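Biologist: Could you take me through one part of this model in close detail? I would like to see how the strands there are put together and what sits on the surface beside them.

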Amino acid sequence: WGGLFAPGEGESIYVPAGLNLLVDLDETPILNAVFVEGSILFVPDSDPTHHRKFDAHYLFITNKGSRMEVGTEEFPYTSKLTITMHSTVDDPYLPIYGNKVIGVRYGTLDMHGIERNITWTSLEETVEAGGTVITLQHAVDWQPGEMIAIASTSYESREGEHRTILSIDDSRKIITLDQALDYKHFAMTQTYGSETIEMRAEVGLLSRNVVYRGDPETSPANQYGATIFLHSNGDDSLTCRLSYIELTNVG
């Protein structure tokens, strides 16, 4: 946009080779397309609870040497960032890459959130339908307000459930949920002859400080989420590194 003023709703951005776009706004309008031949760098705030938001329809890393960086493996993004992609199946497509997408033809994509010591564990005890407290096998660093998933232990996979942590005790193993569970989740060691088998529901942490998602207004209803599309000639002309990020309303 020439550096005169920030782009508005529905406008596009082109970052030429040799130039760096530093994204330190708290919130952007919904941009149309962002074409990067230089680099686009997302910089964390000094406050780890600070939340920034970036919205677009297309984000395209197009050039050899171009890059998109949301932290690195050595220096992850340390505050909160949500990147939301917009579009429906009827909106215009980029050839090969589609829409609602981060597309990488050449260059590098790095997205790294804060490392979490335990991202999943298992139930220590069975919890019945209607239960609001679960006990985990391992101590975790999970925090109130974060979302977890509890796997199904029946023949019906849709009995897996999502809940938000209301509180967690000093042992870091006993979690109070924000609402009661709809289904029973089994946890027990069972013996068959001379063999024992651990039959326990897995519990996983879904929340991360860096979130890549499809827009929540249309993605679930249309079953049409955001994507990350990597495409090369098989000549190692692109690199993608992702760690400790949350992907939701995708695919």
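Modeller: Happy to; here is a walk through a hairpin, followed by a sheet elsewhere in the chain. Please keep in mind that this is a predicted model.

The hairpin is built from strand 15, residues 187–192, and strand 16, residues 195–200, which pair in the antiparallel sense over six bridges. At the turn end, Tyr192 stands opposite Glu195 in strand 16. Two residues lie between the strands of this hairpin, and Gly193 there takes a positive phi near 65°.

Tyr192 also brings us to the surface: together with Ile197 and Met199, Tyr192 makes a nonpolar patch of about 280 Å². Of these, Ile197 lies in strand 16. Ile197 has a relative accessible area of 36%, so Ile197 counts as partly exposed. That value also fits the patch rule, because residues there need over 30% relative accessible area.

Now for the contrast in pairing. An open sheet of five strands runs in the order 2-4-6-9-20, and its pairing is parallel. The edges are strand 2 (20–23) and strand 20 (238–243), each pairing on one side only. On average, neighbouring strands of this sheet are turned by 10° against each other, direction ignored. Within the sheet, strand 4 (residues 39–42) pairs with strand 6 (residues 67–70) in the parallel sense, over four bridges. There you can find Phe42 opposite Val70 in strand 6.

Methods: Residues numbered from 1 in each chain as written. Predicted model: local features only at pLDDT ≥ 70, side-chain atom pairs only at ≥ 80, totals over all residues. Heavy atoms only, no water. Pairing = 2+ DSSP bridges. Axes fitted to C-alpha atoms, helices over the stretch in contact; angles between N-to-C directions. Patch = residues over 30% accessible without salt bridge, like charges linked within 9 Å, V, L, I, M, F, W, Y side chains within 5 Å. Areas by Shrake-Rupley, 256 points an atom, 1.4 Å probe, with all protein chains shown as cover. Salt bridge = Lys/Arg side-chain N within 4 Å of Asp/Glu carboxyl O. Buried < 20%, exposed > 50% of the residue type's maximum accessible area, 1.4 Å probe, protein only.
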